[in-house]
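Me: I should like to understand how descriptive terms are justified for a protein model. Please show the structure, and then set each term against its definition.

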Amino acid sequence: MKERLKDLNICFGKYPTGKHNAITDVPGVKVGHYTLEQDQPVCLRTGVTAVIPGEGNIYESPVFACSHTINGYGKSTGLMQVDELGNLETPILLTNTLNVGNVSRGLVDYVISQNPDCKTVNPVVMECNDSKLNHIQTEAITREMVFAALEKAETGKMESGAVGAGTGMVCYGYKGGIGTASRSIVLDNRNYTMGALVLSNFGDKSQLTIKGVRIKPFFKNPQETEIKGSIIVILGTDIPLSHRQLKRISQRTIIGIARTGGRCAHASGEIVIAFSNGNRNRRTSENNLHTIQVLHEDHKTTSMIFDATIDCVEEAIIDSLFSAKTVQGINKTLIHSLPVDEVISIYGKQLRKNKGDEISD
């Protein structure tokens with residue numbers, strides 16, 4: 001596994017990271033991947049990534065959640081009900097555009113296998129288009145692969161880069177895919193975690209920016225290309241937040257995307273889902289009223305969470321580039337990984353400059 005940004009002493013913002021600098025630092029959150037790479041009879045470079053948002057049975061005890069659409073060029077499922085009810089009752093699955101149906105069916109089967117009396121379920125599946133490297137018209141993702149990604153899901157250290165749903169993704173003209181980051185926040189003398197996971201598949205080489213430094217493609221092929229693709233952002237936290245508060249936080253993700261050079265092109269879908277497992281609902285209850293705890297919104301505390309979210313998203317996107325490997329796909333298309341050693345050699349001093357003073361209390 002490649003060195004990650006923190007290992008290279010490249011830090012984003014002033015807030016400390018979680019132990020693994022990953023969304024899996026949020027208590028109860030697990031991530032699993034199924035990676036599909038084959039050359040015959042067709043070239044497949046794709047997969048499934050599963051994010052389980054909390055401990056226990058999510059269907060019986062949903063987490064609070066919301067979605068936010070920055071640019072709606074996407075084919076996700078389940079987001080309408082998430083916003084209507086303000087909760088999430090299944091894991092979140094990521095895959096490629098034309099396999100959303102297969103993955104959704106697999107997720108329904110998985111939930112039913114865990115809840116035999118289930119009569120309705122809202123599967124949440126999100127996607128990016130990996131057709132630059134993958135024979136996307138092949139209905140390659142099966143029920144078994146969905147189950148495998150879910151059953152592999154673990155807390156702690158997780159894989160990023162060209163893995164799972166990120167196997168065939170391209171970001172800023174380089175190999176992208178899965179990226180992640182986390183931040184630790186102290187509220188009322190207790191540690192909480194904000195985490196982000198992205199599926200990066202957007203942007204042009206000429207736009208790539210790391211910590212405010214435009215990484216102009218001094219390497220090769222500097223010409224601009226047609227900008228298509230998408231980015232999916234998953235935000236997770238154990239801070240007790242309401243649906244409305246999660247919505248406010250999710251709206252700040254655009255700042256993290258923009259810091260890396262993203263411009264929300266016409267055919268680029270920027271879609272966010274945010275959840276808090278600090279609040280849980282019950283599918284059934286003997287009581288009509290339900291008591292929850294929520295963040296007191298004052299200037300300092302709320303802005304701190306906004307800042308941590310922005311830093312997480314920015315770093316997660318760059319993490320997807322730093323951790324990805326070079327991949328050859330369909331029609332022998334070769335997408336190179338970001339030449340990290342060259343970037344560090346040329347821009348290292350600027351990239352390692354502490355950004356902490358840029359954020360005010």
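**Terms and the values behind them**

Me: Which residues of helix α3 (residues 143-151) are called buried?

Reply: In helix α3, the buried residues are Met145, Val146, Phe147, Ala148, Ala149 and Leu150. Buried means under 20% relative accessible area, exposed means over 50%, and partly exposed lies in between, with a 1.4 Å probe and protein chains only. Their cover includes the strands β1 (30-38), β2 (44-52) and β5 (92-96), together with the helix α2 (100-114). Helices (H or I, at least four residues) and strands (E, at least two) are DSSP runs, numbered from the N terminus.

Me: On what kind of model do these statements rest?

Reply: The model is predicted: local features need pLDDT of at least 70 and side-chain atom pairs count only at pLDDT 80 or more, while totals for chains, interfaces and linings use all residues. Residues are numbered from 1 along each chain as its sequence is written, and side-chain values use heavy atoms, with hydrogens and water left out.

Me: Why is Leu351 called buried?

Reply: Leu351 has 0% relative accessibility, and therefore it counts as buried. This residue belongs to helix α7 (residues 340-351). Apart from neighbours within four places in sequence, Leu351 is in contact (heavy atoms within 4.5 Å) with Ile10, Ile210, Lys211, Val213, Val343 and Ile344. Leu351 and Ile215 are 136 residues apart in sequence, yet their C-alpha atoms are 11 Å apart in space.

Me: What makes β3 (residues 63-71) and β4 (residues 87-88) a pair?

Reply: Two strands pair if DSSP finds at least two bridges between them. β3 and β4 have two bridges, in the antiparallel sense, so the condition is met. On its other pairing, β3 is joined to β14 (residues 268-280) by eight bridges, again antiparallel. Phe64 takes part in both: its bridge partner is Asn87 in β4 and Ser276 in β14.

Me: Why are β4 and β9 (177-187) described as edges of the sheet?

Reply: The open sheet has six strands in the order β4-β3-β14-β13-β10-β9, with mixed pairing. β4 and β9 each have a single partner strand, so one side of each is left without a neighbour in the sheet. The partner of β9 is β10, in an antiparallel pairing of eleven bridges. Two residues separate these strands in their hairpin, where Asp188 has a positive phi near 50 degrees.

Me: What makes β10 (residues 190-201) largely enclosed?

Reply: Ten of its twelve residues are buried, so β10 is largely enclosed by the rest of the structure. β10 also pairs antiparallel with β13 (residues 229-237) over eight bridges; Ala196 has Leu235 as its bridge partner there, and Met194 stands opposite Thr237.

Me: How do you know that α6 has a span close to the expected one?

Reply: The expected span is 1.5 Å times one less than the number of residues. α6 has 24 residues and reaches 34 Å from first to last C-alpha, close to the expected 34 Å. Of its 24 residues, 20 are buried.

Me: What lines the largest cavity?

Reply: A cavity is a set of points on a 1 Å grid over the protein atoms alone where a 1.4 Å probe fits but cannot get out, and lining residues have an atom within 4 Å of a point. The structure holds one cavity of 30 Å³ or more, and the largest has a volume of about 50 Å³. Its lining consists of Gln245, Arg248, Ile249, Leu295, Glu297, Thr302, Ile305 and Phe306. Both α4 (243-251) and α6 (299-322) supply at least two lining residues.

Terms used
1 Å grid on protein atoms, 1.4 Å probe; cavity = no way out; pocket = protein on both sides within 12 Å on 5 of 7 lines; lining within 4 Å. Points joined across faces, edges and corners; volume = space filled by probe spheres on them.
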